[in-house]
Amino acid sequence: MRRTLRLFLPLTIVAASLVTAMMAAPPGFARGQLTVEGATAMLQKTAVIAALLAVWMFAAVAVTLLSGREIRYSSVEMRASALHCFALGLVAVTSFALTAIVFSYLIPYHVGVPLLFALGVFAILTKIYGTIAVFHAIGTLVAGSRTREQLASRKWFRGDLAMVVVGVLILGAIRLIPAIGPIAWSLSSIFGVGVAMATRFGRREPAFLVWRPAEA
């Protein structure tokens, strides 16, 4: 039953994406009366989404190859405490926005601009890492092995890289849905920022150094 579910769930998502896209298309699309401008706009939008998904796939593969252990730790943390990661992500995103406003208006120009640039770089890196951890978590939930025997029986569909690729494909299929796609990616970004902050980018290091007296 679980094997059948893992096989048909991605296919169901893709089919739902196509059906929703057809329902959201202009009324003349089904009758072949779609204008050239409308068809061009739809093709351009789909091409932009596909290009962004290709960039995400490249980034996910590169980061997983370089830091697969950290991505796996963050994925485990997200699956173990999803609500905590989501709440922390909301707080972090709100803090980023408020801090950017402070840097833009309440700090002198020559000081605020470098700080704003540093904040933007940190926020982008946090989003990228956290979203890749979300890819890994989704791939593990859908296609991950449940027992050691099942994992040992697999020859190629195993490991962190395979789980990340599955997650990218599933979220990419959801992203093609006109109304649901942007909402799903926004939620995944919040989860990603939260899990990145919760695990210190998968390193699980303490937020502050612990002072210990020197031994005599």
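Tyrosine 129 is buried, at a relative accessible area of 8%. That value, like the rest of what I will show, comes from a predicted model. Tyrosine 129 sits in helix α5, residues 109–143. Its ring pairs with the ring of phenylalanine 201, with 5.3 Å from centre to centre and 55° between the planes, which makes a tilted pair. Phenylalanine 201 belongs to the segment after α8, so this pair ties together parts 72 residues apart in sequence. Phenylalanine 201 has a relative accessibility of 25% and therefore counts as partly exposed, the cut-off for buried being under 20%.

Those two rings also belong to a cluster: ring pairs link Phe96, Phe122, Tyr129 and Phe201. Over the whole structure, the search gives seven aromatic pairs. Another of them is phenylalanine 86 with phenylalanine 191, whose ring centres are 5.0 Å apart and whose planes meet at 45°, so that pair is tilted. Which helices does it join? Phenylalanine 86 is in helix α4 and phenylalanine 191 in helix α8, so the pair ties together parts 105 residues apart in sequence. Phenylalanine 86 is partly exposed, with a relative accessible area of 22%. Phenylalanine 191 is partly exposed as well, with 21%.

That takes us to the packing of the two helices. Helix α4 covers residues 82–106 and helix α8 residues 180–198; they pack at an angle of about 95°, and their axes are 7 Å apart. How are they oriented to each other, roughly parallel or roughly perpendicular? The range for roughly perpendicular is 65 to 115 degrees, and α4 and α8 are therefore roughly perpendicular. On the α4 side, the contact is made by Ala82, His84, Cys85, Phe86, Leu88, Gly89, Leu90, Ala92, Val93 and Phe96. On the α8 side, the residues are Leu187, Ile190, Phe191, Val193, Gly194, Val195, Met197 and Ala198. By class, the contact divides into 15 nonpolar residues, three polar and no charged. Phe86 and Phe191, the ring pair from a moment ago, are both on that list. Phe96 of α4 is on the list too, and Phe96 is also a member of the ring cluster with Tyr129.

Now α8 by itself. With 19 residues at 1.5 Å a residue, α8 should span 27 Å, and its end C-alpha atoms are 27 Å apart, which agrees. The buried residues in α8 are Gly181, Ala184, Trp185, Ser188, Ser189, Ile190, Gly192, Val193, Gly194, Val195, Ala196 and Ala198. Just after α8, arginine 200 takes a positive phi of about 55°.

One more residue in α4, for those looking at its other contacts in sequence: isoleucine 101 is located in that helix. At 46% relative accessibility, isoleucine 101 counts as partly exposed. Its C-alpha atom is separated by 9.9 Å from that of glycine 112, eleven residues away along the chain.

Last, the chain as a whole. What does the protein chain contain, in helices and strands? There are eight helices and zero strands, and the pattern along the sequence reads α-α-α-α-α-α-α-α. The protein chain has 216 residues, and 32% of them count as buried. Of the contacts with a separation of 6 or more, 77% are between residues 24 or more positions apart. The ring pair of α4 and α8 ties together parts 105 residues apart, and the pair of tyrosine 129 and phenylalanine 201 ties together parts 72 residues apart.

Definitions and conventions
Residues are numbered from 1 along each chain as its sequence is written. This is a predicted model: local features need pLDDT of at least 70, side-chain atom pairs count only at pLDDT 80 or more; totals for chains, interfaces and linings use all residues. Side-chain values use heavy atoms; hydrogens and water are left out. Axes are lines fitted to C-alpha atoms, for helices over the stretch in contact, and angles run from 0 to 180 degrees between N-to-C directions. Helices (H or I, at least four residues) and strands (E, at least two) are DSSP runs, numbered from the N terminus. Angles under 35 degrees count as roughly parallel, over 145 as roughly antiparallel, 65 to 115 as roughly perpendicular and the rest as oblique. Contact means heavy atoms within 4.5 Å. Ala, Val, Leu, Ile, Met, Phe, Trp, Tyr, Cys and Pro count as nonpolar, Asp, Glu, Lys and Arg as charged, and the others, Gly among them, as polar. Rings of Phe, Tyr and Trp (its six-membered ring) pair if their centres lie within 6.5 Å; planes under 30 degrees apart count as stacked, over 60 as edge-to-face and the rest as tilted. Buried means under 20% relative accessible area, exposed over 50%, partly exposed in between (1.4 Å probe, protein chains only). The expected span of a helix is 1.5 Å times one less than its number of residues.
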